[in-house]
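User: I have a protein model open and would like to learn how to read it. Where should a beginner start?

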Amino acid sequence: MEFIIIVALVTAVLLLHRPLSALFNKLYISRQQHKFIECETFYHSVVSKYIRYYNRLPLEDQRKFLFRTFLFRKTRRFHYLEVKESAEMPILISAVAIQLTFGLDKFMLNYFNDIFVLKDDYHYGFYSRPFMGHVDQSGIYLSWDNFIKGITGQTPNCNVGLHEMGHALAYVTFITETEEDKHFKKEFKNFSKVARPIFATMQEGKRNLLGEYAAVNYHEFWAVSVETFFENPVCLKHELPELYQAMVSLLRQDPLQMRSGSGKTTFIFKSPRQEEGFKLNA
Ligand SMILES: [Zn+2]
């Protein structure tokens with residue numbers, strides 16, 4: 001009899017796990033949306049001041065962008081190392097993560113609970129050259145002065161925030177496998193079919209728009225491709241059109257379509273499930 005009860009309980013837990021977690025998620029999102037309304041104006045004022053990408057989004061997508069930014073920010077622990085904390089910092093760092101993942105279903109970069117903000121270039125490990133940012137098992141590290149220069153376009157092709165979030169997205173997808181976006185993981189194989197040969201020619205000494213640092217290893221090639229895709233899409237599409245198109249398919253967004261000012265949605269291949277996503281999963 002006991003055995004039957006245990007089997008029945010295990011079966012019930014297995015059967016109810018998915019609908020119950022979906023219900024809890026729905027309740028959680030609903031509660032967070034109420035909290036978000038209270039600070040939406042402030043988020044908008046901060047993000048619209050610095051993030052050009054956000055200002056090019058249609059109104060409906062701007063709300064979705066801010067809500068995702070809000071959810072990302074409130075689930076992180078931000079640590080400030082020798083830099084004066086401001087209310088803008090965690091919002092802008094979260095916004096850059098959302099910019100990268102805006103076309104994907106999964107955007108929380110779960111695993112990275114801690115984000116470290118440093119004042120400027122810093123030394124890390126045994127490397128002799130200074131770092132602008134890095135990602136390791138302990139968290140995401142960003143130098144604030146470089147971060148600001150990147151989002152305000154003061155450093156052509158360079159956006160350290162996007163670069164490190166690119167590493168973080170690859171990390172949670174392929175290393176910790178803590179937040180796998182099904183589309184991203186599957187499409188990355190197609191991206192690599194295009195990207196690997198370009199990377200190989202760079203390792204042989206050929207130079208292109210991506211610059212020398214992208215030839216260091218394939219991780220850096222990916223992170224630099226992310227930066228260039230958002231910061232210099234016109235030149236990337238002109239010089240490496242197949243790579244540009246592979247990025248569009250992988251991230252499910254096209255920065256050049258946004259620039260047209262057509263007012264259309266920035267996403268491609270947008271499925272009905274994604275439309276629901278904002279209501280249920282943000
Ligand atoms: Zn890197």
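Analyst: What follows goes from the whole chain to single helices, strands and residues. Keep in mind that this is a predicted model.

User: How many helices and strands does the protein have?

Analyst: There are 12 helices and four strands. The C-alpha atoms fill a box of roughly 70 × 45 × 40 Å along the principal axes.

User: What does the radius of gyration say about the protein?

Analyst: The idea is to set the value beside the one a compact globule would have. For 282 residues that would be near 19 Å, and the protein has 20 Å, which agrees. Two other figures describe the chain as a whole. Buried residues account for 35% of the 282 residues. Of the contacts between residues at least 6 apart in sequence, 65% join residues at least 24 apart.

User: Now a single helix. What span would a straight helix of 49 residues have, and what is the span of α1?

Analyst: At 1.5 Å a residue, the straight helix would span 72 Å, while α1 spans only 62 Å between its end C-alpha atoms. A bend is one thing to look for in such a case. In α1 there is a bend of about 60° at C39.

User: Does burial follow the same kind of reading? How many of the 49 residues of α1 are buried?

Analyst: For burial, one counts neighbours: a residue with 20 or more other C-beta atoms within 10 Å is buried, and one with 12 or fewer is exposed. In α1 the number buried is three, so the helix lies largely in the open. The buried residues are Y43, V46 and V47. They pack against α2 (52-55), α3 (59-74) and α4 (88-101).

User: S48 is in α1 too. Which residues is S48 in contact with, beyond its neighbours within four places in sequence?

Analyst: Those contacts are Y54 and N55. With 13 other C-beta atoms within 10 Å, S48 is partly exposed. As for distance, S48 and T201 are 153 residues apart along the chain, and their C-alpha atoms are separated by 39 Å.

User: Why can the buried residues of a helix line one face?

Analyst: The general idea comes from the helix itself: an α-helix has 3.6 residues a turn, so residues three or four places apart point the same way. The case here is α5, residues 144-151, where W144, N146, F147, G150 and I151 are buried. Seen down the axis of α5, these buried residues fall within an arc of 160°, so they line one face. Their cover includes α1, α4, β2 (114-118), β3, β4 and α6 (160-175).

User: Next, the strands. In which sense do β3 and β4 pair, and in which sense do β2 and β4?

Analyst: Paired strands can run in the parallel or the antiparallel sense, and β4 takes part in both kinds. With β3 (residues 133-136), β4 (residues 139-143) pairs in the antiparallel sense over four bridges. A hairpin through two residues joins β3 to β4, and H134 has Y141 as its bridge partner in β4. With β2, β4 pairs in the parallel sense over four bridges; there V117 has L142 as its bridge partner in β4.

User: Which residues of β3 are on its covered face and which on the uncovered one?

Analyst: A strand has two faces, so to speak, and each is read separately. In β3, G133 and V135 form the covered face, while H134 and D136 form the uncovered one. As for β4, four of its five residues are buried, and the strand is mostly covered.

User: Last, backbone angles. Which value does phi of E82 take, and where is E82 placed?

Analyst: For phi, look at the sign and then at the residue type. E82 has a phi near 55°, a positive value in a residue other than glycine. E82 sits in the loop between β1 (77-81) and α4, and is exposed, with 10 other C-beta atoms within 10 Å. E177 also has a positive phi, near 50°, and is likewise not glycine. E177 is in the loop between α6 and α7 (182-203). With 11 C-beta neighbours inside 10 Å, E177 counts as exposed. For a glycine, see G153, just after α5, with a positive phi of about 75°.

Note on methods: Residues numbered from 1 in each chain as written. Predicted model: local features only at pLDDT ≥ 70, side-chain atom pairs only at ≥ 80, totals over all residues. Contact = placed C-beta atoms within 7 Å. Pairing = 2+ DSSP bridges. Expected span 1.5 Å × (residues − 1). Bend = angle between axes of the 7 residues up to and from the residue. Rg over C-alpha atoms; globule rule 2.2 N^0.38 Å. Arc of directions from axis to C-beta.
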